[in-house]
Amino acid sequence: MNIGKIGILGAGRAGTALARAAASAGIEVNIAGSRPARHMKYHLAQYAPQAIAVEATDIARDVDLVVLMVPQEDLDEVDIDSVDGVLLIDATNRWEDEPLPNWLENALEKGLSSSEAIAEHFNGSRVAKALNHISHWDLDADRASKSASQRALAFATNHHDDAELVASLIQRIGFAPVMLPDLAAGRALEPNGDIFNEILGAEELARRAAEENARQEPSKPRLH
Ligand SMILES: NC(=O)c1ccc[n+]([C@@H]2O[C@H](COP(=O)([O-])OP(=O)(O)OC[C@H]3O[C@@H](n4cnc5c(N)ncnc54)[C@H](OP(=O)(O)O)[C@@H]3O)[C@@H](O)[C@H]2O)c1
């Protein structure tokens, strides 16, 4: 599946690293931070010169998908309607010391994984989890070191029609995609798990994800 253009919400370390990686793979990038697009000029000139600054509310316009790379503590500031109807790749992470919006705190307390909680909130979007378990340094590594490491990146979604698109993005930026069974299985990719920030090939990553999910299974709450 051919990806022409992506939107990236969040223009910090992760967002600009993905913007550089995507641009060097020939993918057009629209990017937004919390500040107005007109104030992004110098920031992008330095960190993501090929990306086009847009307003956060326009991030889903004319793109194949949107990647969410805003700290979770700022998610209340993201307009749910701005990503309505699109494939939203959740690349955010839960950090212990980060204060969270109430809806997110409550959903985590109910036992949802971080991306399930985000899917519940952004309920007009088709949420997939991906690109959260790699550091911005590695995301933006040169192609030679990416292919030498043959690193795999996992993704998880309940919308299996989107799988090809997510896998294609991962592949185009230089990694081997590994699909997990569903969004809940994306819990294995969260910080403190034994996949997070590890450089793993596809087989090992799939094995660790299956092990992690088997460990979670008995205590898994019923979702409705
Ligand atoms: N850093 C990594 O290596 C890495 C890798 C994978 C995933 N992640 C995850 O990605 C998320 C972001 O991490 P980061 O390290 O990139 O953070 P960061 O460097 O602090 O950047 C945060 C960005 O989010 C933007 N932002 C804040 N509120 C926003 C809003 N309402 N709408 C649009 N943009 C908004 C900020 O824009 P302004 O500057 O304009 O305020 C800033 O560009 C975290 O959840 C993190 O765990 C990080």
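Which residue has a backbone N or O atom that lies 3.1 Å from an oxygen atom of the ligand? Select asparagine 93 together with the ligand, and you will have that pair of atoms on screen, bearing in mind throughout this tour that the model is a predicted one.

**The ligand and its surroundings**

Stay with the ligand and add serine 34, where an N or O atom of the side chain is 2.5 Å from an oxygen atom of the ligand. Then add tryptophan 95, whose side chain likewise offers an N or O atom, in this case 3.1 Å from a ligand oxygen. If you now turn on a surface, you can see how much of the ligand is hidden, since the protein covers 83% of the 900 Å² of accessible area that the ligand has on its own. Widening the selection brings in the 25 residues that surround the ligand, of which the closest are Ala11, Ala14, Ser34, Arg35 and His136.

**The annotated span**

Next, colour residues 5-93, which an unreviewed UniProt entry annotates as "domain: Pyrroline-5-carboxylate reductase catalytic N-terminal". Within this span, 21% is helix and 22% is strand, and the C-alpha atoms at its two ends lie 24 Å apart.

While this span is coloured, look for aspartate 62 in the loop between β3 (52-53) and β4. Although aspartate 62 is not a glycine, its phi is positive, at about 60°. Is this residue buried or exposed? Aspartate 62 is exposed, because its relative accessible area of 65% is over the 50% cut-off.

**The largest nonpolar core**

In soluble globular proteins, nonpolar side chains tend to be buried together. To see the largest nonpolar core here, which has 37 residues, begin with Ile6, Leu131 and Leu169, the members that touch the most others. The elements that each give two or more residues to this core are β1 (5-9), α1 (13-24), β2 (28-32), β4 (65-68), β5 (87-90), β6 (126-130), β7 (152-157) and α7 (163-172). Among these, α7 gives the most, with 6 residues.

Centre the view on leucine 131, which is found in the loop between β6 and α5 (136-139). Leucine 131 counts as buried because its relative accessible area is 3%, which is under 20%. Here too the backbone shows a positive phi in a residue other than glycine, with a value near 65°. Once residues up to four places away in sequence are set aside, the residues that leucine 131 touches include Leu18, Val67, Met69, Ile89, Leu153, Leu169 and Ile173.

**Helix α7 and the loop before it**

Now select α7, where 7 of the 10 residues are buried, so the helix is largely enclosed by the rest of the structure. The buried residues to display in α7 are Ala163, Leu165, Val166, Ala167, Ser168, Leu169 and Ile170. Their cover includes β1, β4, β5, β6, β7 and β8 (176-179). Just after α7, pause at glycine 174, which takes a positive phi of about 105°.

Then step back to aspartate 162, in the loop between β7 and α7. Aspartate 162 is buried, with a relative accessible area of 6%. Which residues does aspartate 162 contact, leaving aside its neighbours within four places in sequence? These are Leu87 and Arg126.

**Valine 127 and helix α4**

Move along to valine 127, which lies in strand β6. The residue is buried, with a relative accessible area of 2%. Not counting neighbours within four places in sequence, valine 127 is in contact with Leu88, Asp90, Ser115, Ala119, Phe122, Thr157, His159 and Leu183. Draw a distance between the C-alpha atoms of valine 127 and glutamate 116, which stand 11 residues apart along the chain, and the separation is 8.3 Å.

Glutamate 116 also serves as a way into helix α4, being one of its buried residues, alongside Ser114, Ser115, Ala117, Ile118 and His121. Because 6 of the 8 residues of α4 (residues 114-121) are buried, this helix is largely enclosed by the rest of the structure. To see what lies over them, show β4, β5, α3 (102-109) and β6, which are included in the cover of these buried residues.

Technical notes
Residues are numbered from 1 along each chain as its sequence is written. This is a predicted model: local features need pLDDT of at least 70, side-chain atom pairs count only at pLDDT 80 or more; totals for chains, interfaces and linings use all residues. Side-chain values use heavy atoms; hydrogens and water are left out. A nonpolar core is a set of buried Ala, Val, Leu, Ile, Met, Phe, Trp, Tyr and Cys residues joined through side-chain atoms within 4.5 Å. Buried means under 20% relative accessible area, exposed over 50%, partly exposed in between (1.4 Å probe, protein chains only). Helices (H or I, at least four residues) and strands (E, at least two) are DSSP runs, numbered from the N terminus. Contact means heavy atoms within 4.5 Å. A residue is near a molecule or strand if one of its heavy atoms lies within 4 Å of it. A polar contact is a pair of N or O atoms within 3.5 Å; within protein, one must be able to donate a hydrogen and the other to accept it, and residues adjacent in sequence count only if both atoms are side-chain atoms. Accessible areas come from the Shrake-Rupley method with a 1.4 Å probe; for residues, only the protein chains shown count as cover. UniProt positions are given in the numbering used here, feature names are shortened, and annotations may be inferred rather than shown by experiment.
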